Amino acid sequence: MKTILVVDDEAKIVQLARDYLEHAGYAVVTAADGRAALDAIGRRRPDLVVLDLGLPEVDGLEVTRAVRRESNLPIVMLTARDDELDKLLGLELGADDYLTKPFSPRELVARVRAVLRRTDQANEPRDVVRAGDLTLDLPRMRADVAGRSVDLTPTEFQLLATLAAQPGRIFTRAQLLDAVRGVAFDSYERAIDTHIKNLRRKVEEDPGNPKIVQTVLGGGYRLGLARDD
């Protein structure tokens with residue numbers, strides 16, 4: 001049974017999330033502030049964190065920073081903030097997905113399932129994908145670029161694997177969003193741009209002049225390396 005840590009200072013939201021997640025078959029632990037969240041992550045080792053940004057003591061962005069310094073633990077953000085910059089900052093720090101309050105608890109469950117499904121792909125017997133200098137070990141979620149190991153979050157890895165499966169194909173933001181989230185809810189497509197930005201920092205020699213993950217103006221993104229390079 002997967003364990004989900006729900007972090008929010010609003011008791012009603014915590015109870016709502018707990019009820020739906022437990023009904024979906026997950027074990028749920030909770031925390032009401034950022035310090036308690038970091039303590040619970042260290043003690044309980046959850047499989048995923050549902051994390052509110054507007055927390056007392058230590059806010060959700062600081063929690064995300066602290067988590068990302070230590071691990072790739074999947075994070076789904078909850079926020080009552082309408083400011084687009086808050087969402088993008090959370091994604092840039094390494095969160096895998098987000099929901100804006102008020103949210104549908106069924107959508108929360110679906111998002112949690114989708115993020116965990118991406119992570120669980122590490123346990124499935126699949127192939128190694130190679131494209132030019134890029135090698136992706138799908139069962140272990142490991143990425144190498146020209147022999148250099150690259151540490152990617154689950155979302156970044158799935159995004160790169162989607163592009164690498166068909167080098168040269170142009171993927172729209174909507175297609176990439178569907179590939180990495182696996183749910184059909186209306187989501188913010190520009191979030192893909194933030195994940196691409198993070199990915200380029202890790203895999204490109206010059207992120208400002210990308211050769212691997214290329215932008216197609218008016219189209220989307222493509223992997224710029226052919227398999228037979």
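## Strand pairing in the open sheet

In this predicted model, strand S4, which covers residues 75–79, runs parallel to S5 and is joined to S5 by four bridges. One residue pair can be named for this pairing, since Met77 has Tyr98 in S5 as its bridge partner. The two strands belong to an open sheet of five strands, paired in parallel and arranged in the order S2-S1-S3-S4-S5. At the edges of this sheet lie strand S2 (27–31) and strand S5 (97–100), each of which pairs on one side only. On average, and with direction ignored, neighbouring strands of the sheet are turned by 20° against each other.

## Helices packed on the sheet

Helix H1, formed by residues 11–23, lies across strand S1 (3–7), S2 and S4, and runs at about 165° to S2. Helix H2, formed by residues 34–44, also packs on the sheet, where it touches S1, S2 and strand S3 (48–52), and the direction of H2 makes about 170° with that of S1.

## The contact between H7 and H8

Two packed helices are described by the angle between their axes and the distance between the axes. For helix H7 (residues 173–181) and H8, the angle is about 75° and the axes are 9 Å apart. Because angles from 65 to 115 degrees count as roughly perpendicular, H7 and H8 are roughly perpendicular to each other. On the side of H7, the contact is made by Arg173, Leu176, Leu177, Val180 and Arg181, which meet Ala191, Ile192 and Asp193 of H8. Sorted by class, the residues in the contact of H7 with H8 comprise five nonpolar and three charged residues, with no polar ones.

Which residues of H7 are buried? They are Leu176, Leu177, Val180 and Arg181, and, seen down the axis of H7, these buried residues fall within an arc of 115°, so that they line one face of the helix. As a general point, an α-helix has 3.6 residues a turn, so residues three or four places apart point the same way.

## Thr194 within H8

Thr194 has its place in helix H8, which spans residues 191–203. Is Thr194 buried or exposed? Its relative accessible area is 7%, and because buried means under 20%, Thr194 counts as buried. When neighbours within four places in sequence are left aside, Thr194 is in contact with Leu88, Leu91 and Glu92.

## Backbone features in the loops

The peptide bond that joins Lys101 and Pro102 is cis, with omega at about -10°. Pro102 is found in the loop between S5 and helix H5 (105–120), and S5 is also one of the edge strands of the sheet described above.

Positive values of phi occur at Glu57 and Ala146, which are residues other than glycine. For Glu57, phi is near 70°, and the residue is placed in the loop between S3 and helix H3 (60–70). The relative accessibility of Glu57 is 59%, and because exposed means over 50%, Glu57 counts as exposed. For Ala146, phi is near 55°, and the residue is found in the loop between strand S8 (142–145) and strand S9 (148–150). Ala146 counts as exposed as well, with a relative accessibility of 59%.

Conventions:
Residues are numbered from 1 along each chain as its sequence is written. This is a predicted model: local features need pLDDT of at least 70, side-chain atom pairs count only at pLDDT 80 or more; totals for chains, interfaces and linings use all residues. Side-chain values use heavy atoms; hydrogens and water are left out. Two strands pair if DSSP finds at least two bridges between them. Axes are lines fitted to C-alpha atoms, for helices over the stretch in contact, and angles run from 0 to 180 degrees between N-to-C directions. Contact means heavy atoms within 4.5 Å. Buried means under 20% relative accessible area, exposed over 50%, partly exposed in between (1.4 Å probe, protein chains only). Angles under 35 degrees count as roughly parallel, over 145 as roughly antiparallel, 65 to 115 as roughly perpendicular and the rest as oblique. Ala, Val, Leu, Ile, Met, Phe, Trp, Tyr, Cys and Pro count as nonpolar, Asp, Glu, Lys and Arg as charged, and the others, Gly among them, as polar. The arc is that of the directions from the helix axis to the C-beta atoms.
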